[in-house]
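Colleague: Could you take a close look at the aromatic rings, and then at the parts of the chain that carry them? Please explain each term when it is first needed, as the reader is a first-year student.

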Amino acid sequence: MSTGPIDEGDPVSEKYNAPYLKLYSMGTPNGVKITVYLSLLKLDYHYRKLNIMTNEQKEEWFLKLNPNGRIPVLTDVNEKGEVYPIMETGAILLYLGEKYDKERKYYYGVDAGKLYWDQIQWLTFQIASHAPYQGQANHFNSFAKEDVPYGKKRYTDETKRVFGVFERRLKDNNGWLVGDHLNIADISAWAWIRAAPNYAKIELDEWPLIQKWIKAIEEIPGVQEGIIA
């Protein structure tokens with residue numbers, strides 16, 4: 001029985017019949033994490049680009065999907081028309097992996113034992129110990145309205161330190177953060193590091209294994225198609 005078009009509160013985009021996936025996002029590093037994984041999984045979804053420069057993500061309708069007012073948010077609407085919103089990139093990647101990566105191509109499930117926990121560790125490290133530093137380096141080096149030398153130096157130095165951690169891990173683990181092929185932890189880190197020269201103003205020449213790793217990821221079919229602006 002059809003439920004008719006589902007109203008998620010979005011005042012702009014078209015309404016869709018259930019079931020479907022819909023991603024509210026923009027081409028930021030956090031957004032690219034999700035669009036690339038969706039592309040690799042060859043999942044159909046609706047894409048709603050939000051303009052974070054005008055604080056569209058702070059509007060009341062969106063806060064009902066994510067009270068924190070951040071992108072991305074994925075809504076998974078079932079056959080009954082029930083809307084389930086998932087916020088936070090780590091949670092979205094894990095959700096997609098568990099529910100939709102049935103062949104475990106880019107996701108290590110719990111049954112993978114230590115590889116699952118390695119994946120959790122490096123995904124958590126990227127989100128908690130990498131992205132905040134690089135995000136601040138992005139801000140002070142590219143977007144701050146005034147020049148703050150202390151902020152530039154502190155967050156650039158910390159981002160470089162974290163890149164050193166990734167470089168060491170790639171050396172110790174044969175070119176991947178986890179396991180022996182692309183997975184959600186590598187996707188999560190790659191989406192941020194690839195953007196460092198443009199926004200954090202950090203060139204990657206100091207870390208040859210990171211450069212090699214980025215090139216390897218971007219040659220995987222489906223990755224380029226998933227990089228949405």
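Modeller: The count of aromatic pairs comes to 13. Rings of Phe, Tyr and Trp (its six-membered ring) form such a pair if their centres lie within 6.5 Å; planes under 30 degrees apart count as stacked, over 60 as edge-to-face and the rest as tilted. The model is predicted, so local features need a pLDDT of at least 70 and side-chain atom pairs one of 80 or more, while totals for chains, interfaces and linings use all residues. Residues are numbered from 1 along each chain as its sequence is written, and side-chain values use heavy atoms, with hydrogens and water left out.

One pair joins tyrosine 24 to phenylalanine 62: the ring centres are 5.9 Å apart and the planes stand at 65 degrees, so this pair is edge-to-face. Tyrosine 24 belongs to strand E3 and phenylalanine 62 to helix H2 (residues 60-63), so the pair links distant parts of the chain, 38 residues apart. Here helices (H or I, at least four residues) and strands (E, at least two) are DSSP runs numbered from the N terminus. Both partners are buried, with a relative accessible area of 0% for tyrosine 24 and likewise 0% for phenylalanine 62. Buried means under 20% relative accessible area, exposed means over 50%, and partly exposed lies in between (1.4 Å probe, protein chains only). Ring pairs also bring in a tryptophan, linking Tyr24, Trp61 and Phe62 into a cluster.

Tyrosine 84 and tyrosine 95 form another aromatic pair, with 5.9 Å from centre to centre and 45 degrees between the planes, which is a tilted arrangement. Because tyrosine 84 lies in strand E6 and tyrosine 95 in helix H3, this pair ties together parts 11 residues apart in sequence. Tyrosine 84 is partly exposed, with a relative accessible area of 47%.

The strands named so far belong to a sheet. Four strands form an open sheet in the order E4-E3-E5-E6, with mixed pairing. Strand E4 (46-49) and strand E6 (83-87) are its edges, each pairing on one side only. Two strands pair if DSSP finds at least two bridges between them. On average, neighbouring strands of this sheet are turned by 20 degrees against each other, direction ignored.

Strand E3 (residues 20-25) runs antiparallel to strand E5 (residues 73-77), and 5 bridges join them. Leucine 23 has leucine 74 as its bridge partner in E5, and tyrosine 20 has valine 77. On its other side, E5 pairs with E6, again in the antiparallel sense and over 5 bridges. Leucine 74 finds its bridge partner in E6 in isoleucine 86. E5 and E6 form a hairpin with 5 residues between them, and glycine 81 in the turn has a positive phi of about 85 degrees. E5 is mostly covered, since 5 of its 5 residues are buried. Val73, Thr75 and Val77 point one way from E5, whereas Leu74 and Asp76 point the other way.

Helix H1 (residues 29-40) packs on the sheet, touching E3 and E4, and its direction makes about 155 degrees with that of E3. Helix H3 (residues 89-100), which carries tyrosine 95, also packs on the sheet. H3 touches E3, E5 and E6, and its direction makes about 130 degrees with that of E6. Contact means heavy atoms within 4.5 Å; axes are lines fitted to C-alpha atoms, for helices over the stretch in contact, and angles run from 0 to 180 degrees between N-to-C directions.

UniProt, in an unreviewed entry, places the feature "domain: GST N-terminal" at residues 18-104. Its positions are given in the numbering used here, feature names are shortened, and annotations may be inferred rather than shown by experiment. This span is 32% helix and 23% strand, and its end C-alpha atoms lie 26 Å apart.

Another aromatic residue, phenylalanine 166, is found in helix H5 (residues 149-172). Phenylalanine 166 counts as buried at 1% relative accessibility. Residues up to four places away in sequence aside, phenylalanine 166 touches Trp122, Phe125, Gln126, His130, Leu177, Ala189, Ile193 and Ile210. Phenylalanine 125 is 41 residues from phenylalanine 166 in sequence and 10.0 Å away in space, C-alpha to C-alpha.
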